[in-house]
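Trainee: I would like to learn how the labels used for a structure are justified. Please show me one and take me through it.

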Amino acid sequence: MKKQSSCTTFLVGKKATIDGSTLIARTEDHSDQAEPQQFVVVDPHDQPQHYQAKLSKFTVDLPANPLRYTATPDADRSHGIWGSSGINSANVAMTATETITTNARVLAADPLVADGFGEEDLLTIVLPYIHTPQEGVKRVGQLLEEFGTYESNGMAFSNQDEIWYLETLGGHHWAAVRIPDDAYVVAPNRLNIAEFDFDSPDTMCSADLEEFIAVNQLNPDSNQVNLRHIFGSSTIKDTHYNNPRAWYLQKFFTPDIEQNPLDQNLPFINHANRKINIEELKWALSSHYQNTPYDRYGTGSEEQKHLFRPIGINRNEESHILQIRPNVPAAIAGIHWLGFGPNTFNTFVPFYTNIQDTPPAFKNAAAQYDPNTAYWLSRTLGVLGDTDYGVYSEYHAQFEQKTLSQLRAVVAKTDAAIAQQADVAQYLTAANQKLADIYMQNSFALLGEMVKSGSARMKLKFTIFD
């Protein structure tokens, strides 16, 4: 049975961020049932030379000399690795499992391939073998053309200079766009690329894509090439499941624009009214239509509160911001910001990626409940916080500000001493352990405050004054 990852991607070019970093981010969302996630680093000697998928018959011999890379795989590997996100030792980042939409016209002309590759495979067969974002685009394109895919996906690649976003089109075709340095992109579970210029140096695609569109009469527009119109969907589900997520974040980062959450033609490329920072981006990935009638925790009618699919949701399994920083040594340029569980009650931890191993609390989650792991502790906070959001959200706000300030202080101190380190990987591995310890300690403290506060508010109580 194929398993899909229902996510929200957010991309920010280097001139649109507060510190000149490139940022590619995504929530990885699955079903209502918990799907424990891990944070690992894969050394070259652990990378397979021959790859066999779990959910299809796809198999491929992998290139020699893979790079080391971080990944966030599922704890249960029986349905595949699902590496999902990571940064390799060349400081190239990849986020890889954004399920997107298509239409029957496209699938008739280029059907999906049952024995092709899919989301479970992408990071493992691509990230260890690329040294630039464009190499990532080209490798995925070559694999698509040779093997095909059984599902429609979006994915992004970045280094400190640029971001490229790629979408699959049918079983074998694809297109990619370089995100402008001064722009941001919100990409929910729909085909997102809109206007497309085949002659631009900032686009890449299947060699026959233009001909494929013409021969199969796929373009509904007479005066433009809009890939969302050609290859995507425009359904009622999109107006409730996908479009509102883009609308809400575009409204937040570009408040002057007037748009409708049901709009099928929300822009792909956007420009914020300010420089975007990590804290705002994390908030965006946690958002649930606050200050609108559509907030599940808000004051709208029951119909309004259940009308649109939020970004921060119980189905968040892991979420990440992959940051490639400028003006620092290459050894510390890559930061893998990571959060587990529902984003409404976690915070993201900034892990260095030039490391020997990952902290046990973030590495060792399994199917059995264990609150001593970051995944299960974060999910515990989300479940309890959901019982009384109005009360517990303030506890979380205080926790998140305190924790992020402490985490950032560790990163600043670690950065400052990097030049004096004889063994950089060992030093950064130790720094990551400090970062993990802060998150775990503060999360347990938050849990304690929530339990103490919740005990006084339990319905099952009786006093002599009742």
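Mentor: We will go through a strand, some salt bridges and some helix pairs. This is a predicted model, in which local features need pLDDT of at least 70, side-chain atom pairs count only at pLDDT 80 or more, and totals for chains, interfaces and linings use all residues. Residues are numbered from 1 along each chain as its sequence is written, and side-chain values use heavy atoms, with hydrogens and water left out.

Trainee: What makes strand β9 mostly covered?

Mentor: Buried means under 20% relative accessible area, exposed over 50%, and partly exposed in between (1.4 Å probe, protein chains only). In β9, residues 153-158, 6 of 6 residues are buried. On one side these are Asn 153, Met 155 and Phe 157, and on the other Gly 154, Ala 156 and Ser 158. Strands (E, at least two residues) and helices (H or I, at least four) are DSSP runs, numbered from the N terminus.

Trainee: Why is β9 said to pair with β8 and with β10?

Mentor: Two strands pair if DSSP finds at least two bridges between them. Strand β8 (residues 93-99) and β9 have 5 bridges, in the antiparallel sense, and β9 and β10 (residues 163-169) also have 5, again antiparallel. Both pairs therefore satisfy the minimum of at least two bridges. Ala 93 has Ser 158 of β9 as its bridge partner, while Ala 156 stands opposite Tyr 165 in β10. A hairpin of 4 residues joins β9 to β10.

Trainee: Why is the contact of Asp 29 with Arg 309 called a salt bridge?

Mentor: The term requires a side-chain nitrogen of Lys or Arg within 4 Å of a carboxyl oxygen of Asp or Glu. For Asp 29 and Arg 309 the N to O distance is 2.9 Å, so the pair qualifies. Asp 29 lies in strand β2 (residues 22-29) and Arg 309 in the loop between α8 (302-305) and β14 (316-324), so the salt bridge ties together parts 280 residues apart in sequence. The structure holds 12 salt bridges.

Trainee: How do you know that Asp 29 and Arg 309 are buried?

Mentor: Asp 29 has a relative accessible area of 0%, and Arg 309 has 6% relative accessibility. Both values meet the cut-off for buried.

Trainee: What makes Glu 162, Arg 178 and Asp 181 one network?

Mentor: Glu 162 and Arg 178 meet in a salt bridge at 3.0 Å, N to O. That pair links the loop between β9 and β10 to strand β11 (residues 173-178), 16 residues apart. Arg 178 also meets Asp 181, at 3.1 Å, N to O. Salt bridges that share partners join these residues into one network. Arg 178, at 18% relative accessibility, counts as buried, and Asp 181, at 16%, does too.

Trainee: Why are α11 and α12 called roughly antiparallel?

Mentor: Two packed helices are described by the angle between their axes and the distance between the axes. Axes are lines fitted to C-alpha atoms, for helices over the stretch in contact, and angles run from 0 to 180 degrees between N-to-C directions. Angles under 35 degrees count as roughly parallel, over 145 as roughly antiparallel, 65 to 115 as roughly perpendicular and the rest as oblique. Helices α11 (residues 389-416) and α12 (residues 424-456) pack at about 165°, with axes 10 Å apart, and are therefore roughly antiparallel.

Trainee: What makes α10 roughly parallel to α12?

Mentor: Helix α10 (residues 374-386) and α12 pack at about 25°, with axes 10 Å apart. That angle makes α10 roughly parallel to α12.
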